[in-house]
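Student: Please take a close look at one helix of this model, and then follow its surroundings outward. I should like the cut-off behind each term as it arises.

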Amino acid sequence: MGKTAKVEVNRDGTQRGLTNLAVQMIAFGGSIGTGLFLGAGSTIHRTGPSILFVYAIIGGFFFLMMRAIGEMLYADPNQHTFVVFIHRYLGSNWGKFAEWSYWLELILAAMAELTAIAAYFQLWFPTLPAWLIQLAFLVGLTLINVAVVSFFGKTEIILSGIKIITILGLIIVGAWLVVTHHQGISGDQATISNLTRNFTLFPNGISQFIFAFPMVFFAFQGMEFVGITTAETKQPRQVLPRAINQIIGRILFFYIGSLAVIMMVSPWQQINASQSPFVQIFELAGIPAAALLINAVVIIAAASTLNSAIFSTGRHLYQLALESNSRWMLPLRKISVKGIPLTSVLFSAALMLGAPILSLFNQLTTAFTFVASVSGDIYILVCILTMLAHLKFRQKTIGQEVLFRMPAYRITEPLTICFFGAVFVSLFFSSASRWPAIGAIIWALGFAAYLKLGQQNTISRLERDKQ
C-alpha cells in the first residue's frame, strides 16, 4: 500500500489539496460553459471571422488582469479570494461593494446554470419537473463540495475534461473535413478559404462588432476562479504562476480554434445560427446521435460551471465572514474537520435554491433574467476595481522584489482599465443591454448610499455614547 500524501493545513483549518491541474480545470469550468457549445452559431453570425480578433483582444486583456491578480496573490497566498485586495488597497467601502456584489453575481450565475441544466435534461425526460432536476444536481454537487477539497478538484478535472475532449474532438473532426474537402454544413466544400474569402472586419456594420465585445467578455468570466483557489492550492507560489500563464493560452486555443474550424467547414454566412455547430459538424462526420452527445456535454458543461460556482461562493462568503465584525457572520467562519468552510458553502448553496423555486413561477423568469444581467454588468465594475487595487498595490510595494509581476504595468494597467471601462460603456449602445447597465449603476449608487447611511448612524451612536 502506498503512503497517503500529507496535506498542508492552513492556520484557519482549510487544507491545501488542489493541484495545478485542478486549478486550471476550475478555471476551465468557470469560463467555458454552454455558450460555446450552443451559441457559437449566433456568435459567428454577429461579426463573421472578425469574431476571432474580438476573442484574441479580450483574451489578452483578461491575461493582464489575471497577471495582476496573480501578483497580489503571489505576495499573499493565504487569501481565499482576490477581491479582498480591493478592500485592502481601495478602502472598506469599495471593498464591501466589490465583495458582496461579486458574491451575489456568482449566486445568480449559478442559478442560471441550474435553469440551463433543467432545460437540457428535459429534452431526454420531458415529464420530469424542472425543480426536481435542479434540486438533484444542486444537492449532488454541494455534497461534492463539502467533501475534502482534493475530491472536489478531482471531480472538476473530470467534468472540465469532458468539455475539453469535446472541443478537441470538434477541432480534429473539423480539420479532417477541411483536409479531405468534405461537403460542409451548407453543402459547400470545406476549405480554409471559407474563413478568409471576401473577408471584412465589419460585415454587419461596426455596431455589431462593438456589441460583440461585451458578449465575448462575459464568455471569459470565471477565469478569475484561479484567484479563489490559492489558499487551498498545494505549493501556491509554484502553481499560481504556471496556472495563470497556461490557462489563457489554452482557453484562447479552445475558443478561437473551435470557431475557426467551424467557419472553415462552411462559409460563416451559411451557418445555422439557431442550431449548435458542434452538432452539425459531428453529424457531417457520421457520428451517430450527435445531438444527444452534445446535449450530454452541455449538461456536463453547466454542471461543471455550477460546481466551480459553489466552490467559489463558499470561499468568497467565508472571506467576507472573516472580515466582518457582525455576530451574524460568525457562524460562516466554521471550518469542517475536512478543511471546508462548511457553513459558508451550505449557505451559498441554499440561496441557489432560488432556481427551483423560480421554476415553479414562470412569471418571475423575466425579472430573474434582468437581475442576472445587472449582476453580470457589475462584474465589469469589479474587474475595474481589481485593476485599480493592483495599481495601489504596486505603489505600496515599490522596491520590493516579487518574482511574479504583471508585465509593463505602467502601460498595460491603464490600458486594461480603460478597455474594461469601454466595454461597460458599450453596453449603453444596445437596447438589450442598456437597462441592465443602468441597473448596475443604480445598484452601485444604492450600495454607496447604504454604506454612507450606516457610517452616519455609527457616528451618531458614538456621539450619544459620549454624552
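Tutor: A residue is called buried under 20% relative accessible area, exposed over 50%, and partly exposed in between, for a 1.4 Å probe and protein chains only. Helices are DSSP runs of H or I with at least four residues, numbered from the N terminus. The model is predicted: local features need pLDDT of at least 70 and side-chain atom pairs 80 or more, while totals for chains, interfaces and linings use all residues. Residues are numbered from 1 along each chain as its sequence is written, and side-chain values rest on heavy atoms, without hydrogens or water.

The helix chosen is helix 10, of whose 30 residues 21 are buried, which leaves the helix mostly covered. It runs over residues 236-265, and its end C-alpha atoms lie 42 Å apart, in agreement with the 44 Å that it should span at 1.5 Å a residue (the expected span is 1.5 Å times one less than the number of residues).

Helix 10 also leads to the largest pocket, since it is among the elements that give two or more residues to the lining. A pocket is an open set of points on a 1 Å grid over the protein atoms alone, where a 1.4 Å probe fits and protein lies on both sides within 12 Å along at least five of seven lines; lining residues have an atom within 4 Å of a point. The volume, the space filled by probe spheres set on points joined across faces, edges and corners, is about 1400 Å³ for the largest pocket. The lining of that pocket has 48 residues, and E113, M215, F218, A219 and Q221 are the closest to its centre. Two or more lining residues also come from helix 1 (20-31), helix 2 (34-47), helix 5 (92-121), helix 9 (206-219), helix 12 (290-323), helix 15 (365-396) and helix 17.

Helix 9 is preceded by a loop from helix 8 (193-196), and N198 is found in that loop. N198 has a phi near 55°, positive although the residue is not glycine, and it is exposed at 70% relative accessible area. Likewise, A408 has a positive phi, near 45°, and sits in the loop between helix 15 and helix 16 (409-426).

Aromatic contacts come next. There are 33 aromatic pairs in the structure, where ring centres of Phe, Tyr or Trp (its six-membered ring) lie within 6.5 Å and planes under 30 degrees apart count as stacked, over 60 as edge-to-face, the rest as tilted. F419 and F420 form a tilted pair, 6.2 Å between centres and 55° between planes; F419 is buried at 14%, as is F420 at 0%. W443 and F447 are also tilted, at 5.8 Å and 50°. These two lie four residues apart in helix 17 (431-466), about one turn; W443 is partly exposed at 31%, whereas F447 is buried at 12%.

A charge is over a ring when NZ of Lys or CZ of Arg is within 6 Å of the ring centre and within 35 degrees of its normal. R394 lies over the face of Y409 at 3.8 Å, and R327 over that of W328 at 4.3 Å.

Finally, the structure holds zero disulfides, a disulfide being two cysteine sulfur atoms within 2.5 Å. The closest cysteine sulfur to that of C383 is in C418, 15 Å away and therefore too far for a bond. C383 is buried at 3%, whereas C418 is exposed at 56%.
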